[in-house]
Amino acid sequence: MPWIKNFPLTSNEIDIEKYYQWMQLGTSSLAKLFEPIKDVITFSLLPNSILATYAMGELDLKDLLIFSVILTIFVGFTVLLAFSKSKPSKGIYYPFSFYEKWIVSLSAIVNRQSYITFLIRNDIRTTYFFHRFPILLGPLSFWIQLGIFTSFIQVFEPFDKMYHFILAFYFFFFVFFYVFTMFWGLNGMFSIDSVGKHIILHLLSKKNAWSIFLYKFRLFLITTLPLFIVCDILFMIINQVPLNISIIVGVSHLLFYFLLTIIIFLPSVISPHYNFLNIEQLEDYPDQKAVRNLIRYLTVGIFIPCLMLPIALLMSDFISISQYLHINAIGITVLFLILSGSLVTIIKHKLVRLKCLDDFSL
């Protein structure tokens with residue numbers, strides 16, 4: 001971290017010699033960082049160490065004996081589990097009863113209709129959700145990024161430009177990867193066309209495609225947003241982020257979260273497929289893949305880099321830290337509100353007209 005803090009290219013004045021010295025210091029720092037791994041790899045009781053010492057004729061009988069005992073216990077325990085007979089269950093076991101009640105309770109804050117409660121229970125009590133529910137605990141990339149951003153920001157102070165540079169990456173990319181991974185991990189539960197041919201039941205209850213979008217949008221938020229908010233709060237507390245910066249990042253994070261959630265629904269709005277035979281097919285339709293990839297590339301390649309222009313101006317000394325915070329607090333917030341409102345209006349205009357069975361390709 002001290003090496004990263006001394007990054008020499010954070011202003012208009014660039015000293016190439018200092019940059020090369022900084023790179024050499026980083027190389028040696030990384031080498032020292034991975035030195036402890038050598039102690040783990042060369043631990044005497046690991047299989048690779050036993051084989052290596054045997055090949056060189058230096059095998060210690062004590063190590064071989066300990067390794068043999070451990071291996072015997074492990075194999076015996078494995079065989080015992082393989083041949084043990086499980087007792088028949090006395091009834092049907094449903095592991096998500098508490099989670100279901102919690103999601104229904106959160107949904108009741110927004111909408112108390114029994115119709116919505118029925119839809120939520122129907123989505124959660126599926127084999128699709130049963131096999132994919134671990135994604136709700138947060139994807140691996142989510143936790144890795146949280147740890148990386150926390151470790152990076154520890155050595156900087158709020159008056160450092162690198163402090164806000166790291167926060168900018170945390171602000172945009174952290175939200176992007178979390179929202180996209182969570183949605184595509186449970187695409188068959190969150191996408192509008194995941195209702196399939198059950199759309200007929202929605203139409204019979206005098207609903208249209210817009211009402212389905214609202215339900216799916218709220219379901220995604222109440223299912224994924226709580227974990228994100230908790231991690232956001234913990235990040236601010238652990239790193240002792242000043243209150244004014246925490247409020248700016250927290251509010252903007254939520255607005256960006258809503259905007260990305262709306263954007264990620266576009267493939268099922270633009271080219272829906274209600275006539276699938278298996279819900280897994282929703283991940284394989286070429287037209288939806290094309291739209292999905294286009295959205296991902298435009299978001300990562302154009303939209304987010306444009307949103308990071310203020311931090312580029314800050315790093316180049318064109319604006320001060322206070323000006324940068326004002327841009328984030330006002331400019332980006334207004335931009336997110338305008339884009340979210342515009343996208344919702346466009347989606348509503350398209351979906352509200354889909355009211356009868358002839359409007360769907362079944």
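Colleague: By class, how many nonpolar, polar and charged residues does the lining of the largest pocket have?

Modeller: This is a predicted model, and its largest pocket has a volume of about 480 Å³. The lining of that pocket is made up of 23 residues. Sorted by class, these residues are twelve nonpolar, eight polar and three charged.

Colleague: Which residues of that lining lie nearest the centre of the largest pocket?

Modeller: The 23 lining residues include a few that are placed nearest the centre of the largest pocket. These are N122, D123, S194, V195 and H198.

Colleague: Which element gives the largest share of the lining of the largest pocket?

Modeller: Several helices must be considered, since at least two lining residues each are supplied by α7 (114-124), α8 (127-132), α11 (187-190), α12 (199-204) and α13 (209-238). The largest share amounts to five residues, and the element that supplies them is α7.

Colleague: From which element does the largest share of the lining of the second largest pocket come?

Modeller: The second largest pocket has a volume of about 230 Å³. Its lining consists of F96, Y99, W102, F129, F133, L136, L137, T223, P226, L227 and V230. Two elements, α6 (97-110) and α13, each supply at least two of these residues. The largest share, four residues, is that of α13.

Colleague: How many nonpolar, polar and charged residues are in the lining of the second largest pocket?

Modeller: The list of lining residues includes aromatic names such as F96 and W102, and also T223. Threonine is not among the residue types counted as nonpolar or charged, so it counts as polar. The division for the second largest pocket is ten nonpolar, one polar and no charged.

Colleague: How many cavities of 30 Å³ or more does the structure hold, and how much space lies in the largest cavity?

Modeller: A cavity differs from a pocket because the probe fits inside a cavity but cannot get out. With the cut-off set at 30 Å³ or more, the structure holds three cavities. The space in the largest cavity is about 110 Å³.

Colleague: Which element gives the most to the lining of the largest cavity?

Modeller: The lining is formed by H164, L167, A168, F171, F172, I245, I248, V249, Y324, L325 and N328. Two or more of these residues come from each of α10 (161-185), α14 (243-264) and α18 (321-351). With five residues, the element that gives the most is α10.

Colleague: What classes of residue make up the lining of the largest cavity?

Modeller: Among the lining residues are H164 and N328. Histidine and asparagine fall outside the nonpolar and charged groups, so both count as polar. By class, the lining of the largest cavity has nine nonpolar, two polar and no charged residues.

Conventions:
Residues are numbered from 1 along each chain as its sequence is written. This is a predicted model: local features need pLDDT of at least 70, side-chain atom pairs count only at pLDDT 80 or more; totals for chains, interfaces and linings use all residues. Side-chain values use heavy atoms; hydrogens and water are left out. On a 1 Å grid over the protein atoms alone, a cavity is a set of points where a 1.4 Å probe fits but cannot get out, and a pocket is an open set with protein on both sides within 12 Å along at least five of seven lines; lining residues have an atom within 4 Å of a point. Grid points are joined across faces, edges and corners, and a volume is the space filled by probe spheres set on the points.
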